[in-house]
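Open the model in your viewer and keep the selection tool at hand. The tour below goes from stop to stop, saying what to select and what is there.

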Protein chains: 4
Amino acid sequence: MKNTFGNNISITLFGESHGAAIGAVIDGLPAGIKIDDEYIHSQLKKRKPAGKLGTARNETDDYSILSGVFEGKTCGTPLSILIKNENTKSSDYDKTRFLARPGHVDYTAYCKYKGFEDYRGGGHFSGRITAAIVAAGALLTPALKEKGIYIGSHIKSLGKECDRDFDNLKKDIEQLEGLDFAVLDNDKAQKMKDLILDAGQKKDSVGGVLETAVIGLPAGLGEPWFDSVESLISHAVFSIPAVKGIQFGAAFDMVNSTGSVFNDEFEMKDGKVVTKTNHNGGVNGGITNGMPILFRTAIKPTPSIYMKQETVNFMTKENAEIEIQGRHDPAIIHRARVVIDSMTALVIADLLTGRFGADYLGGKNEIRD
Amino acid sequence: MKNTFGNNISITLFGESHGAAIGAVIDGLPAGIKIDDEYIHSQLKKRKPAGKLGTARNETDDYSILSGVFEGKTCGTPLSILIKNENTKSSDYDKTRFLARPGHVDYTAYCKYKGFEDYRGGGHFSGRITAAIVAAGALLTPALKEKGIYIGSHIKSLGKECDRDFDNLKKDIEQLEGLDFAVLDNDKAQKMKDLILDAGQKKDSVGGVLETAVIGLPAGLGEPWFDSVESLISHAVFSIPAVKGIQFGAAFDMVNSTGSVFNDEFEMKDGKVVTKTNHNGGVNGGITNGMPILFRTAIKPTPSIYMKQETVNFMTKENAEIEIQGRHDPAIIHRARVVIDSMTALVIADLLTGRFGADYLGGKNEIRD
Amino acid sequence: MKNTFGNNISITLFGESHGAAIGAVIDGLPAGIKIDDEYIHSQLKKRKPAGKLGTARNETDDYSILSGVFEGKTCGTPLSILIKNENTKSSDYDKTRFLARPGHVDYTAYCKYKGFEDYRGGGHFSGRITAAIVAAGALLTPALKEKGIYIGSHIKSLGKECDRDFDNLKKDIEQLEGLDFAVLDNDKAQKMKDLILDAGQKKDSVGGVLETAVIGLPAGLGEPWFDSVESLISHAVFSIPAVKGIQFGAAFDMVNSTGSVFNDEFEMKDGKVVTKTNHNGGVNGGITNGMPILFRTAIKPTPSIYMKQETVNFMTKENAEIEIQGRHDPAIIHRARVVIDSMTALVIADLLTGRFGADYLGGKNEIRD
Amino acid sequence: MKNTFGNNISITLFGESHGAAIGAVIDGLPAGIKIDDEYIHSQLKKRKPAGKLGTARNETDDYSILSGVFEGKTCGTPLSILIKNENTKSSDYDKTRFLARPGHVDYTAYCKYKGFEDYRGGGHFSGRITAAIVAAGALLTPALKEKGIYIGSHIKSLGKECDRDFDNLKKDIEQLEGLDFAVLDNDKAQKMKDLILDAGQKKDSVGGVLETAVIGLPAGLGEPWFDSVESLISHAVFSIPAVKGIQFGAAFDMVNSTGSVFNDEFEMKDGKVVTKTNHNGGVNGGITNGMPILFRTAIKPTPSIYMKQETVNFMTKENAEIEIQGRHDPAIIHRARVVIDSMTALVIADLLTGRFGADYLGGKNEIRD
């Protein structure tokens, strides 16, 4: 349903990049989840432009929670988060009002909203709106951790540089939680940063691949048709700007292989059913099998680049040239990872709530229990 | 919502592989669409095991339409399709009741349904259920064609063999419509078939990549958050068994490139706004831009293989071995393509109906108009 | 969503009165509910025309369950029920194709479906479709009873005759379960039957008021905005043909009173919080308070009457007269009660599942538990 | 879905009575609707306590629109409205924390949210939240008027006083739009006001019946199962606090009549199909028939009364007495009418959008059209 996602726990997004504020309403939250402002801020910080790698738009990302929290805990009613927009320079966009930035939403938004769209800074399509997703995810993550569920993403590749594979997932996720630039191998991290800076100097941009892991899930989550775990995660993830592909487990990497190689044989380990390999990414038939969920997302190079590009004026229907102004990043993959983690947290919390009930992730009743 | 998908036009699936019947209810269909039984049969035939390449289970796929059609046309009310199950050999599955077939749903279904699952032939998870999806898609496809919208998929790669790229999309889609084995290059088709037969002889299986195109769509379809065109298609497609990855446009193939290469520059052509390249697969910011939608799906090798595999008995919690009985294909990619086309048709019809109204794809009122 | 209702447990209806079959798909059912065919048949029988009071259309209401049941129990996947149409006399309707039966759907269906509607016997709007609702409710009712939840309705009034008030709800509901004509006071039952027969002889029809009770519910079910218990029940109930009003507790009957009278004061009873009166019908602020839910529905007189009526031919746009043919009941209130009970059972099961989890109403795992 | 309602145009509510703010997100609004702040304020004023008849809580109801509006018009993206809470006296509620106010949500909210609920002033259940509904309705009403659709409600009865019947609906609705106290007969208005004041002096409260009319609708809106017009309106209306009953057309008032009386015979009038009477309230078989929609809602006496009442302490599980503090109205029916009008506007706009497309109620494209 348009700007709302989720069955049992849902998020509704609103806001334009250069409007008064952006925000979200999160509904279906169980009562009694403690609000950890420090953690929310730390997650929002990961999404923010970091030093030389980021945009010139210096946003504070200060949020207000306007409802749904009472005495420091969720009270079970819709939680609304508001993040005001500041430091906007809307005049940058007036000059190019009808010039379609290549790879961008200007033209599609015009076709959809018939000329009434807020075109400044991408409007409602702006990556800025992901701040609300991150805040929402940060509300739920501590409740998931209490159930032993951890989520983390690293930059698997950027340009031609590749991070090392996940190894010890629990430890790797912990390491990533402490990192602003989510690469497990320090040397690779530096090389990737150099690639980003280099692209920026060339007025160009770079993309890459994020790899995400979810550990600690019970087997049996998801629905065969149509709410498979893969369906729900991909639905959520593809709404994030710049995501153009997703695969669970090996997928594209192993389509040349055979069933005997791709199949993950089962075995008993410490009394639990596990698989020897995890090419299926923790999902069989759309349902979790108790192994870590593993998926990769393709993040395209940021479309906003400073070099001159050919385009059209969709008002006059003439060919034109554009040199994009405004403040844009030569890469967003390092910022996107916490958005992916947050959307994943929302999907997982939604699935757990549907299976185990509305109170499953909530706090204990301090009065009655 | 579990087994229902779609906002304005929706499909609800039911049925188990070895139950009495499988089927679908399609709701929100506009009144006045002519039912073309010949076309529906021709589409169902594409999904069926073809000669040596298919399973031993010889299904007739005869369907009955039980409601929603009056005097040969949709009457606006829910259309229910029923396909009876015949020729089932359920005893094959009794012997291995608690042995988890690797890469399969036995174990996850058990965890989800707590031992009450219909385990015979994959139950409700079976690819058999896709017959209802194909029938549903075949109902809508002619109505889409009347609006100039065409959908087609080919096997882009299977094992190490690759089909030629799409060239003239309209012509290629027409060619694919006539093919049982959806490969544009005849030589490659033969080589792929050999690969499948070879895998079968080795008691193994193969996977591959499907590439799908949708042409003739207006710009402006989709929602920014969360119902982007990519979100909706991926949600639908990931519910199809064996799909493990999807990418729109170049995605994974071009993550190493830069914005200046990946961005699709706009230009005017015959008075229309088009892009010079289509690395974004016809979608900018989740909204159609009027260019063809292009996406690829990774189909994993069929998990049901005949060679001996290691696994567990999830009842006794012991390691075990399994030799799968029953009738299984060494590849399903050539059958999956019409399922992907059909799911895509449903998503497109849903989007068009939401944008242009409930009657958009329907017939003219022969009495009043 | 059109012909689907319910969040966690949902029902999708299909079928036309004179088509091949009518039916339903019930999704979200927990695994392990035992199918009690005898009970389902007994509930369907209550909906069927009874002797002199009913229509001439003698339907067997034999149903088939095509999916979702394995070895006599729900297996967690969508359960589809099919009831074939027999004994239809469609030619009755041809003569009056464009004559709008007063109080009926002919004209509105024509406006909605633009002339493509299946007009025979009310098509998809027919009360015949409620057979599928009754079957669905009958599947869930035993599972609710195991949780101590009982539902029952009686004819509170018909014409000027009124049944006695509910007294001992548990006992009254048990009594109603055994009755074909749901009136607690035998004398009144006979008088009401006479009223119905009398109306029939006058080629006219009668309506009345049903009163429904639900006992055994925990406090705390429902959502403030917008899924209040009253919202969900009224949504479901107003989709039943001939229902034109609903009230919870005293409502219209006591709008002239004051807060001090209408408010239900609380008290402790046997260690439980109860209210001394129940003018609010067991719901405060949209949420169950643990008292019985009580509501009344206004059932209008059957619109299909045999006397001559003035109307229009909506094709020629001329005034006309109509004498309805076909087979119609002079009252449907005595048949509607089991439909109301069944819709209520679906809503209650949905709410319980949302609160307590997908398996709450399901069976114990006989293998693992 | 909990706090979201609507399929094509939806509203999501948030906020607690004594929290930072209350508000709504309205999604699916077509682009190009002009924002008429003066009208929104005038509608909000009708919901506000008026002079002696109102509560002591003097709220300004100043709203901010934070998104979804660009250059004075809707831009097609989610419109968020915020209304800050001021002048709250939360300490009033601390003293009675665990005393269940009769007829109120304290106990049910406690059971639902397990002790974490924001109990101050009814929290999220407060009538205060209806301000956001009124603002949302006021956004859509001008767009409906442009299509010739008008909505209005009057107090049909309050205590034993009854307003005159609707006569000339267009004129009556216009008159009501100008009234703060929605009674068509001035003398009756004064008598009703006296009843309210009298109840207040007796520390008691009164209820009544609202009658609502919608004119100008096309025939053919609504869905047979389950989204009948009656289902959707009742779903929406029952989420409004104090609504305990609804009837369409004559319903409860004429259940004693017969089909020949209740049926609305059709006739041609000025080339249009109309009915001679309107006992069905403009709806046949759940679908609009082109006549005015007419429905009545039973508004129970405000539960918050100042006289001493018996109750329980649900923490200590003991009988208790309560004397309610805080600021409460002896009637809310005169304030509720604009809330009913607004919810109705949302439902109607949703139905029209589903039938005629996403842009139906929107503005003309000033650039391209």
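How much area is buried between chain D and chain B, and what percentage of it do carbon and sulfur atoms give? Select both chains to see the place in question: the buried area is about 550 Å², and carbon and sulfur atoms give 36% of it. Note before going on that this is a predicted model.

**Stop 1: chain D against chain B**

Select the residues in contact here: seven come from chain D and seven from chain B. Then pick out D:Arg355, D:Ala358 and D:Asp359. These three supply 51% of the area that chain D buries against chain B, more than any other three residues.

Now show side chains and look for charged partners. Two salt bridges are found across the interface of chain D and chain B. In a salt bridge at this interface, the side chain of D:Asp359 meets that of B:Arg355, at 3.1 Å from N to O. If you turn on polar contacts between chain D and chain B, the count is six residue pairs, both residues at pLDDT 80 or more. Colour the side of chain D that touches chain B by class, and two residues are nonpolar, three polar and two charged.

**Stop 2: chain A against chain B**

Hide chain D and show chain A with chain B. How many residues does the contact take from each of these chains? It takes 103 residues from chain A and 103 from chain B. About 8100 Å² is buried between chain A and chain B, with 61% of it on carbon and sulfur atoms. Select A:Trp225, A:Phe226 and A:Lys244 next: together they supply 12% of the area that chain A buries against chain B, more than any other three residues.

Six salt bridges are found across the interface of chain A and chain B. To view a salt bridge at close range, select A:Lys276 and B:Glu310, whose side chains meet at 2.4 Å, N to O. Polar contacts between chain A and chain B come to 58 residue pairs, with both residues at pLDDT 80 or more. By class, the side of chain A that touches chain B holds 44 nonpolar, 39 polar and 20 charged residues.

**Stop 3: strand E11 at the interface of chains A and B**

Which element of chain A gives the most to the side that touches chain B? Select strand E11, residues 243-248 of chain A: with six residues, this strand gives the most. Add strand E11 (residues 243-248) of chain B, and the two E11 strands pair in the antiparallel sense over three bridges. For a pair of facing residues, select A:Gln247, which stands opposite B:Gly245 in E11(B).

**Stop 4: the sheet shared by chains C and D**

Move to chains C and D. Ten strands form an open sheet here, in the order E9(C)-E8(C)-E10(C)-E16(C)-E11(C)-E11(D)-E16(D)-E10(D)-E8(D)-E9(D), with antiparallel pairing. Its edge strands are strand E9 (161-162) of chain C and strand E9 (161-162) of chain D, each pairing on one side only. Where the chains join in this sheet, strand E11 (residues 243-248) of chain C and strand E11 (residues 243-248) of chain D pair antiparallel over three bridges. Select C:Gln247 to find D:Gly245 of E11(D) standing opposite.

**Stop 5: strand E7 of chain D**

Stay with chain D and select strand E7, residues 79-84. Is this strand mostly covered or uncovered? E7(D) is mostly covered, since five of its six residues are buried. Strand E3 (residues 21-27) of chain D pairs with E7(D) in the antiparallel sense over six bridges; D:Ile26 stands opposite D:Leu79 in E7(D). Strand E4 (residues 63-67) of chain D also runs antiparallel to E7(D), joined by four bridges. There D:Tyr63 stands opposite D:Ile83 in E7(D).

**Stop 6: a sheet and a buried glutamine in chain A**

Return to chain A for an open sheet of five strands in the order E1-E2-E3-E7-E4, with antiparallel pairing. Strand E1 (4-5) and strand E4 (63-67) of chain A are the edge strands, each pairing on one side only. Two bridges join E1(A) to strand E2 (residues 10-15) of chain A, and A:Phe5 stands opposite A:Ile11 in E2(A).

Finally, select A:Gln43 in helix H1 (residues 37-47) of chain A. Is A:Gln43 buried or exposed? A:Gln43 counts as buried because its relative accessible area is 6%, and buried means under 20%. Leaving aside residues up to four places away in sequence, A:Gln43 touches A:Val134, A:Ala138 and A:Val338.

Notes: Residues numbered from 1 in each chain as written. Chains lettered and ligands numbered in written order. Predicted model: local features only at pLDDT ≥ 70, side-chain atom pairs only at ≥ 80, totals over all residues. Heavy atoms only, no water. Contact = heavy atoms within 4.5 Å. Buried area = accessible area lost by both parts, 1.4 Å probe. Salt bridge = Lys/Arg side-chain N within 4 Å of Asp/Glu carboxyl O. Polar contact = N/O pair within 3.5 Å; in protein donor to acceptor, adjacent residues only side chain to side chain. Nonpolar A, V, L, I, M, F, W, Y, C, P; charged D, E, K, R; others polar. Pairing = 2+ DSSP bridges. Buried < 20%, exposed > 50% of the residue type's maximum accessible area, 1.4 Å probe, protein only.
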